[in-house]
Amino acid sequence: MSFILSVNFASNWFAMGFSPTGAMIGSSALVGYISPEGGDGVVKQYYLAGKTSDQVFVHQGNLSIVPNTEVVTLHNQTMYMAFQVDMETVLTKSKKVIYAYGYSGIYPNSSGYIEGPHRATFETSLDFSTGSSIAVASDPITKLIRIHGTVSIVAWQFVVSLGAFIARYGRGWGSVCFRIHVISQVAGYLLGIAGAAIAIQFTRQLSGVVWHNHRIFGIVIIVMASMQVLAICARPKAESKYRNAWMLCHVNLGRVLLLCATVNALIGLNLANNDALLMALYIVTVSITVLAFLIFEILHQRRIKSNRQVSAQSSTTKGISNYEMMQKM
């Protein structure tokens, strides 16, 4: 039987494993990659006896590969791997097929070992006699990454932005404006904390991935958000001489926070290989936020202009009245 697989070249390597149970342990896998130096693609068989490097054996496995059929090639940023397998061994020892692909920047070393984690995409139950397949399960790490991204985007790009809008454009609402602003900011803060907790959970299992910049931005954002929440408790009274200074710091720190959150979201999307679901959510959320900002800002500026004209007319009328009174005197 001939097999052909494809994956975005940003993944660097990808694999197809044949497993009796659907688990990685006990499976035989073919891994294809193109080295960073270029040249011909490489296909190697591995026997996965365990999850540590000393339990992964290169050039071993239960698959009988037809000689000279393995090939890896690159076309329009898509990497293809093809090979032929003697199905007698597969039919007797393997019932499920598992797939995995690597993160950007992680390649097998000169000995063929992959120094870093992988991202499993899904597992299928494949009927080799008919070629039909049924998806069984997706990778829990991928699910956690998507949950983290979704929660974080909703928290920082939507809920916190909503609170900032209310503070700027709802000043005429009185105390209701302040209450909605506080509720939305605290809600966004708690969602952000939840997103960070999810990230801590799955990054422990992906120690080989370079999260450095994303992690630093995330810590800075959480620290700034904590300061903003604490600032609510330390809010000076309206007649206090420190009120203007407090307001200046609070407003500008919030703007920096939103900017950092936007940058960090882009870094996170890049680390997630521009996951289609997260990318769509980000584009929709940012588009709604930007559109709402433009509409509210235009209305806000018109209201300011109108108030100035009314004030100017009132001053002119008052001046004329005073002049007429002086004339009568």
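**Group meeting: a three-stranded sheet in a predicted model**

Hi everyone. What we have here is a predicted model, and the protein chain has a mean pLDDT of 80, with 77% of its residues at 70 or more. Confidence varies along the chain: among its elements, helix H5, residues 243-271, has the highest mean pLDDT, 90, while strand S10, residues 133-138, has the lowest, 57. There is also a stretch to treat with care: residues 322-329 have pLDDT below 50, and beyond near neighbours in sequence this stretch makes zero contacts in the model. As a reminder, where pLDDT is low, the predicted coordinates should not be read in detail.

Now to the sheet. Three strands form an open sheet, in the order S1-S7-S6, with antiparallel pairing. Strands S1 (2-8) and S6 (71-75) are at the edges, each with a single partner strand, so one side of each has no neighbour in the sheet. From one strand to the next, the twist averages 20°.

Let's take the pairs in turn. S1 and strand S7, residues 78-84, run antiparallel and are joined by seven bridges. Here phenylalanine 3 has phenylalanine 83 in S7 as its bridge partner, and leucine 5 stands opposite methionine 81 in S7.

On to S6 and S7, also antiparallel, with five bridges between them. Which residue of S7 does valine 72 stand opposite? That is methionine 81, which we just met opposite leucine 5.

Last stop, the hairpin of S6 and S7: two residues lie between the strands, and asparagine 76 takes a positive phi near 50°. Thanks for listening!

Methods: Residues are numbered from 1 along each chain as its sequence is written. This is a predicted model: local features need pLDDT of at least 70, side-chain atom pairs count only at pLDDT 80 or more; totals for chains, interfaces and linings use all residues. Side-chain values use heavy atoms; hydrogens and water are left out. pLDDT is the predictor's confidence in each residue, from 0 to 100. Helices (H or I, at least four residues) and strands (E, at least two) are DSSP runs, numbered from the N terminus. Contact means heavy atoms within 4.5 Å. Two strands pair if DSSP finds at least two bridges between them. Axes are lines fitted to C-alpha atoms, for helices over the stretch in contact, and angles run from 0 to 180 degrees between N-to-C directions.
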